[in-house]
Amino acid sequence: MAKMQSRFFCKECGYESSKWLGQCPGCHIWNSFVEEPLKNKTVSKTAPFKGQSNGITKPVRIEEIDLTEEDRMLTGFQELDRVLGGGIVAGSLVLLGGDPGIGKSTILLEVARNLTEGGDKSALYVSGEESLKQIRIRAQRITEIHGDLRFLSETNIERIIEIAQEYKPDFVVIDSIQTMFTESISSTPGSVGQIRESAAALLRFSKETGTSVFVIGHVTKDGNVAGPKILEHMVDAVLYFQGENGGSLRILYGQKNRFGSTNEIAVFEMTDKGLKEVSNPSEMLLSGRPLGVSGSVVTCGMEGTRPVLIEIQGLAVPTSFGLPRRTSNGADYNRVNLLLAIIERRIGLPMSKYDAYINIAGGIRVTEPATDLAIVMSLISSLRDMPIPADCIIFGEVGLTGEVRAVSNTDKRIEEAVRLGFHKILFPAWHAEKYSEFKNKGIDMFPVKNIREALTIMSK
Ligand code: TYD
Ligand code: MG
């Protein structure tokens, strides 16, 4: 059989095909296929890594596998360490994706600085995007760098690996994988084949030498890392850096992590002196909250294992057109519509004659049904011009019959609210007696079974 000399790849998702296709079967994007030459000797995706196999080529029993804890380096950001599962694992390859200008280069420069500050670790920051001068200007904005941190402006992967083998850093940053190219194939940088092969070379380097490598990746317009999907399969962890347009708040979360959970988030704030971690997001999200104004309600959502207090703002105004307007910023639009219908049917308020707007302050997105009751109360509060007490926290899922349903981590949510000085807690009645201890601490506990009960309590 004749050997195929080239293949077609989708630029967006990396879908591979032997012929050109108009629409990608993988991501359904039109006109995204490009032809790329196949190199003669494909580096097998399953090529063994010397470092990983430890020279053992025979199968072993589970108890024979060495269980010593992985070596972890602390990044100097407790928030980031938590997302990584307790620091950077030696020999791991981590992909960091995010929109342009969100702060990917900044955060990894700060991590490299923190790691080398103690004097016992060294780092290499390779940029294919910026000149050394630009990097220096950025570094000057952040702080002075004293440790063994070296910079390199280079895009040739073979050369980078050669230099890294010479300097033996503990930590390497590759800014960005899309600008890198390997000599082993002839396509242009940023192409699917180049990204895949460059990442494969970095993976081999990191596993063989035990060096931790962080790779920055650009994202496509739908928010995934650009390039082949296999990139995400190759690396040990995929992190995303997100932020609201114009806002200074940045959220880092793990989408895949072989060494920890993917439920954790890290919150950062972009300042004029680089990124600062926000170890207490609740306080930050609630700062500047209007007090004693109708429509503003504080709820407690869970971000991973951590409770976070969030302000929900609702606005209901009589509609001037036949069809009411509904806008939701930060909460699911369909869910808000559903809640409006429930209010209309179960409480009898004429929501269909009102325009309704929901806004979650701070650029946070809530996806949990546990915020339902707070959304309902903020809309009713606005419609009736009835302020909710400023020291009241509201959470619970709302069902179609208007019932308030139990949510997970009720105890953690209450504790966070009490810690931040909230005295009234409106929460699902299910197993409410479990939380009676809070009453002894002077907290008013209001377990509710349905939204009507919640309204009655709040109108008192
Ligand atoms: P950058 O890390 O270059 O983003 P990315 O690598 O994700 O594209 O961050 C660039 C943005 O951050 C830029 O708009 C300026 C801003 N910034 C600050 O506000 N303060 C700072 O100290 C630094 C270094 C950048
Ligand atoms: Mg950058």
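Student: Is Y15 buried, exposed or partly exposed?

Tutor: Let's start with the number, keeping in mind that this is a predicted model. Y15 has a relative accessibility of 35%, and because partly exposed covers the range between 20% and 50%, Y15 counts as partly exposed.

Student: Which ring does Y15 pair with, and in what geometry?

Tutor: To read a ring pair, look at the distance between centres and then at the angle between planes. Y15 pairs with F33, with 6.4 Å from centre to centre and 80° between the planes, an edge-to-face arrangement. The pair ties together parts that are 18 residues apart in sequence, because Y15 lies in the loop between β1 (6-10) and β2 (16-17) while F33 belongs to strand β3 (residues 33-37). F33 is buried, at a relative accessible area of 6%.

Student: How are the rings of F427 and Y435 arranged?

Tutor: Their centres are 5.9 Å apart and their planes meet at 85°, so this pair is edge-to-face. Both F427 and Y435 are buried.

Student: How many aromatic pairs does the whole structure hold?

Tutor: A search of the whole structure gives 7 aromatic pairs. Rings can also gather in a group: F77, F241 and F268 form one aromatic cluster. A ring can have a charge over it too, and here the charged end of R413 sits over the ring of F395, 5.8 Å from its centre.

Student: You mentioned β1, β2 and β3. In what order do they stand in their sheet?

Tutor: Here is the general idea: strands of a sheet pair through backbone hydrogen bonds, either parallel or antiparallel. In this case the 3 strands form an open sheet in the order β2-β1-β3, with antiparallel pairing. β2 and β3 are at the edges with a single partner strand each, so one side of each is left without a neighbour in the sheet. Between β1 and β2, which run antiparallel, there are 2 bridges. For a position to find on the model, take F9, whose bridge partner in β2 is E16.

Student: How many residues of strand β6 are buried?

Tutor: For a strand, check each face in turn. Strand β6 (residues 93-98) is mostly covered, with 6 of its 6 residues buried. On one side are L93, L95 and G97, on the other V94, L96 and G98, and both faces are covered.

Student: Which strands does β6 pair with, and in what sense?

Tutor: Follow the bridges. β6 pairs with strand β10 (residues 212-217) in the parallel sense over 5 bridges, and L93 stands opposite V213 in β10. Strand β11 (residues 237-243) also runs parallel to β6, joined by 5 bridges, and there L96 stands opposite L239.

Student: Where is T211, and what does its side chain contact?

Tutor: Place the residue, then list its surroundings. T211 is in the loop between α6 (192-209) and β10, and it counts as buried at 5% relative accessibility. Its side chain makes a polar contact of 2.6 Å with the side chain of T209. Leaving aside residues up to four places away in sequence, T211 touches G91, S92, P169, D170, F171, V172, F205 and S206.

Student: What about charges: how many salt bridges are there?

Tutor: The whole structure has 14 salt bridges. For each one, look at the N to O distance, the burial of both partners and their places in the chain. E130 and R138 form one, with their closest N and O atoms 2.4 Å apart, and both residues are buried.

Student: How far apart are E162 and R159 in helix α5?

Tutor: They are 3 residues apart in helix α5 (residues 157-167), which means about one helical turn separates them. Their side chains meet in a salt bridge at 3.0 Å, N to O. E162 is partly exposed, with a relative accessible area of 47%, and R159 is partly exposed at 38%.

Student: Which helices do D372 and R335 lie in?

Tutor: First the contact: the side chains of D372 and R335 meet in a salt bridge of 2.5 Å, N to O. D372 lies in helix α10 (residues 372-384) and R335 in helix α9 (residues 333-346), so this pair ties together parts that are 37 residues apart in sequence. D372 is buried at 1% relative accessibility, whereas R335 is partly exposed at 27%.

Student: Which residues are linked in a network of salt bridges?

Tutor: K207, D236 and R258 are linked in such a network.

Technical notes. Residues are numbered from 1 along each chain as its sequence is written. Chains are lettered from A and ligands numbered from 1 in the order in which they are written. This is a predicted model: local features need pLDDT of at least 70, side-chain atom pairs count only at pLDDT 80 or more; totals for chains, interfaces and linings use all residues. Side-chain values use heavy atoms; hydrogens and water are left out. Rings of Phe, Tyr and Trp (its six-membered ring) pair if their centres lie within 6.5 Å; planes under 30 degrees apart count as stacked, over 60 as edge-to-face and the rest as tilted. Helices (H or I, at least four residues) and strands (E, at least two) are DSSP runs, numbered from the N terminus. Buried means under 20% relative accessible area, exposed over 50%, partly exposed in between (1.4 Å probe, protein chains only). A charge sits over a ring if NZ of Lys or CZ of Arg is within 6 Å of the ring centre and within 35 degrees of the ring normal. Two strands pair if DSSP finds at least two bridges between them. A polar contact is a pair of N or O atoms within 3.5 Å; within protein, one must be able to donate a hydrogen and the other to accept it, and residues adjacent in sequence count only if both atoms are side-chain atoms. Contact means heavy atoms within 4.5 Å. A salt bridge is a side-chain nitrogen of Lys or Arg within 4 Å of a carboxyl oxygen of Asp or Glu.
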